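Here are some short exercises to try with the model open beside you. Work through each task, then compare your steps with the solution.

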Amino acid sequence: MAQETLRLASSAIGHEGRLPRKYTGDGQGAVKDVSPPLEWYGVPEAARSLALVVEDVDAPADADSPVVPWTHWVVVNIPTTVRGLPEGFSGEEEAAGGEHAGIKEGHNDWKVPGWRGPKPPTSGHRISFKLYALDQPLHLGNKVTKEKLRDSMEGHVVGEAELIAIF
């Protein structure tokens, strides 16, 4: 039997690929910066942990700078038995316990841990949700960053999935 391909999905991202405002820095009414629900399928048998990186791939550092991805969320050491993260998970991983025990949120490009939604000055930015299946759990210390994650997972990726949303 062939191995299923790793897939990433979100019930919050509509068929047009739009990221709803409540998941952004702009928000929807009093609700803003809520991490969106995510689910995944087809985790490779060789995987021992999962990691997630969410970036705005169209973000310039400033008006005169080239486009450099802006990190909104880093999540590491997701057990392979977990099949998703619920809406509003960010900031709740320690309280979640159970199957979510051991999951660690890293620092985003605002230099704080957890989800921080996009708030670009113009619309049409692509938000990339990348899920990595790794052949080992990662030991990244107390301050997890995208850079530490990428350095540590080199040679350990056994599967990858991407979901693109538009804001």
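**Exercise 1.** Find which residue of β7 V54 stands opposite, then trace the neighbours of β7.

*Solution.* Step 1: V54 stands opposite F129 in β7. Step 2: β3 (residues 49-56) pairs with β7 in the antiparallel sense, over eight bridges; strands are DSSP runs of E with at least two residues, numbered from the N terminus, and two strands pair if DSSP finds at least two bridges between them. Step 3: β7 is also joined to β8 (residues 157-166) by nine bridges, again antiparallel, and L131 has A161 of β8 as its bridge partner.

A note on the source: this is a predicted model, where local features need pLDDT of at least 70, side-chain atom pairs count only at pLDDT 80 or more, and totals for chains, interfaces and linings use all residues. Residues are numbered from 1 along each chain as its sequence is written, and side-chain values use heavy atoms, leaving out hydrogens and water.

**Exercise 2.** Work out how many residues of β7 are buried (under 20% relative accessible area, 1.4 Å probe, protein chains only).

*Solution.* Take residues 126-134, the span of β7. Seven of these nine residues are buried, so the strand is mostly covered.

**Exercise 3.** Give the strand order of the open three-stranded sheet and say why β1 and β5 each have a side without a neighbour.

*Solution.* Step 1: the order is β1-β2-β5, with antiparallel pairing. Step 2: β1 (7-9) and β5 (84-85) stand at the edges with a single partner strand each, so one side of each lacks a neighbour in the sheet. Step 3: β2 (residues 38-41) and β5 are joined by two bridges, and E39 stands opposite G84 in β5.

Technical notes:
Buried < 20%, exposed > 50% of the residue type's maximum accessible area, 1.4 Å probe, protein only. Helix = DSSP H or I, 4+ residues; strand = E, 2+ residues; numbered from the N terminus.
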